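Let's take a walk through this protein together. Have a look at the model first, and then we'll go from place to place.

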Amino acid sequence: MVLMRLFVKRSIKGLRYKDISAYKNVIYLIRDYVLDHMRDGDHERFVYFSEPLKRLLKKETCPLPLDYYYDYATSICYFLEDFKEAKDVFEDYYHYLEKDPKSEIFQVILTNYAIVNFEVGDYKKANALLDELESIVGEELRHDSIAKLTRASIRIAEGKLDGVHEMLSEAVKDKKLADVVENKISCYTLFGKYFEASGEGKKALAWYKKGIKLVEDKDVCYSEQKIYHEYAELLFKNKKFKKSAMMFRKYSDILEKAKEKNRKLIKARSEQEVYMREKDDEAYALIRENMRMRDENSKDYLTGIYNKRYLNDYVERVIESKSRSFSALLFDIDRFKTVNDKYGHLAGDYVIKTTCSFVENLLDQTHTFGRVGGDEFVICFENIEIEEAFKTAEMIQKYIKEHIIQYEGKDIQISISGGMVDINEIDDVSMQKLVEIADKRLYLSKERGRNRITFQD
């Protein structure tokens with residue numbers, strides 16, 4: 001796990017990008033705030049804000065946040081030792097980036113993904129990922145200290161010691177590794193495990209002792225302090241009981257501190273979950289309110305179909321898209337004023353709503369239906385031929401004529417007249433020209449006796 005610390009020091013610098021949007025600046029600020037708290041030892045603060053940070057990063061899939069996601073994953077790994085969460089994070093970005101295997105980011109993520117799989121005990125997967133990395137990078141990987149340490153760790157864990165000493169000897173001489181004290185401790189611990197597995201107890205004790213000296217001189221994470229346990233067990237095996245007991249006591253104190261930290265982190269996670277549930281509820285309420293307001297702004301108050309504003313925006317989008325498969329029907333209710341005068345305005349409203357219900361039942365989701373004012377309506381037909389659209393329009397006209405509307409015991413019979421326009425009739429298409437042609441044909445239908453749809457003049 002210490003191997004990740006080297007990547008934080010070594011690789012993040014190469015993952016910086018320019019041209020950052022305002023949204024990404026928000027990620028900058030939150031990420032720096034959260035990770036600074038983590039590095040200052042305020043692990044509870046990190047846990048509390050880590051979920052919002054992760055959600056922000058999930059939203060942004062450009063390269064910039066990948067280094068932040070990387071920081072997040074390595075932090076939860078080497079500070080919190082939450083390997084399962086770290087594995088999930090790296091797996092997400094492994095699949096996201098695998099389409100570009102030659103990228104530096106992918107190789108960094110791939111290496112860390114291998115390390116985390118080793119930490120959770122999936123040696124087969126860790127080896128497969130390192131093999132994949134080697135197939136991409138080639139000869140250069142043989143000189144990579146992180147790869148050597150990871151391979152060595154896997155082989156020691158599996159009891160396959162061939163070549164391990166050579167890997168560790170080359171790795172410990174690497175300046176990139178030696179400059180970071182945690183990496184030295186990791187190397188010394190692996191040397192100790194190697195010699196212990198090889199039956200060379202004295203050499204193993206010497207390496208563990210070198211590692212413990214570094215631990216005592218530096219403030220390092222709990223994972224590096226586990227070397228006390230390795231050293232104590234080997235002392236016990238060599239019947240050095242007094243020294244072994246002292247090391248076990250030191251390790252016991254370390255465990256107590258770790259348990260206390262975990263208690264605080266569990267509490268912080270619980271508080272975070274409550275907080276996030278509350279925020280999720282607020283977000284869902286806001287989404288519902290936004291949807292309600294959007295519907296109010298785009299739907300007709302009386303009928304619930306689209307209003308004139310929405311239809312105008314919709315047709316403008318169609319024109320901008322350069323679509324050549326679009327037609328529209330503009331129609332109104334014949335002698336609607338007579339309905340209002342004879343039966344009253346409430347009856348008129350009922351007739352409008354019932355007419356809309358008739359039309360909606362005859363249309364499918366490929367058609368857009370709206371009210372442009374009073375008793376005037378528009379149906380937009382997209383991605384169907386004009387002949388098919390005209391047949392649908394005539395079917396609607398005949399259906400409305402044949403169905404009696406009943407209102408408070410009275411039968412009200414209506415009909416509609418309409419004019420159709422096809423976008424291919426117009427060279428320089430505009431909303432105004434579409435409306436003018438459809439409106440002209442609507443009035444032709446009136447002049448020709450009403451209860452009809454006119455397409456050609």
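Let's begin with lysine 202, which is exposed, with a relative accessible area of 76%. You'll find lysine 202 in helix 12, which covers residues 201-217. Lysine 202 has company, too: Lys202, Lys209, Lys240 and Lys243 gather in a patch of positive charge on the surface.

Now step back for the overall view. Keep in mind that this is a predicted model. The protein has 457 residues, and 48% of them count as buried. Its chain forms 20 helices and seven strands. If you take the contacts with a separation of 6 or more, 64% of them are between residues 24 or more positions apart. On the outside, the protein exposes about 24,500 Å², with carbon and sulfur atoms supplying 49% of that.

Back on the surface, there's also a nonpolar patch: Phe236, Phe241 and Phe248 make one of about 300 Å². Phenylalanine 236 sits in helix 14, residues 227-237, and at 48% relative accessibility it counts as partly exposed, because exposed would need over 50%.

Is phenylalanine 118 buried or exposed? This one is buried, at 17% relative accessibility. Phenylalanine 118 belongs to helix 6, residues 104-119. Apart from neighbours within four places in sequence, phenylalanine 118 touches Tyr123, Ala126, Ser153, Ile154 and Ala157. Phenylalanine 83 is 35 residues away from phenylalanine 118 in sequence, and their C-alpha atoms are 9.7 Å apart.

Next up, charges. Side chains of opposite charge can pair when their charged atoms come close. The count here comes to ten salt bridges. One of them joins aspartate 131 and arginine 151, whose closest N and O atoms are 2.6 Å apart. That pair links distant parts of the chain, with aspartate 131 in helix 7 (residues 123-137) and arginine 151 in helix 8 (residues 145-158), 20 residues apart. Aspartate 131 is partly exposed at 41%, while arginine 151 is buried at 16%. Asp131 and Arg151 also join Glu134 in a network of salt bridges.

Another salt bridge brings together lysine 237 and glutamate 196, at 3.1 Å from N to O. Lysine 237 lies in helix 14 and glutamate 196 in helix 11 (residues 181-197), so the pair ties together parts that are 41 residues apart in sequence. Lysine 237 is exposed at 57% relative accessibility, and glutamate 196 is partly exposed at 22%.

Last stop: glutamate 200 and lysine 203 form a salt bridge, with their closest N and O atoms 3.2 Å apart. Glutamate 200 is partly exposed at 32%, and lysine 203 is partly exposed at 44%.

Note on methods
Residues are numbered from 1 along each chain as its sequence is written. This is a predicted model: local features need pLDDT of at least 70, side-chain atom pairs count only at pLDDT 80 or more; totals for chains, interfaces and linings use all residues. Side-chain values use heavy atoms; hydrogens and water are left out. Patches are made of residues with over 30% relative accessible area and no salt bridge: like charges are joined within 9 Å, nonpolar side chains (Val, Leu, Ile, Met, Phe, Trp, Tyr) within 5 Å. Accessible areas come from the Shrake-Rupley method with a 1.4 Å probe; for residues, only the protein chains shown count as cover. A salt bridge is a side-chain nitrogen of Lys or Arg within 4 Å of a carboxyl oxygen of Asp or Glu. Lys and Arg count as positive and Asp and Glu as negative; His and the chain ends are not counted. The place of a charge is taken as NZ of Lys, CZ of Arg, CG of Asp or CD of Glu. Helices (H or I, at least four residues) and strands (E, at least two) are DSSP runs, numbered from the N terminus. Buried means under 20% relative accessible area, exposed over 50%, partly exposed in between (1.4 Å probe, protein chains only). Contact means heavy atoms within 4.5 Å.
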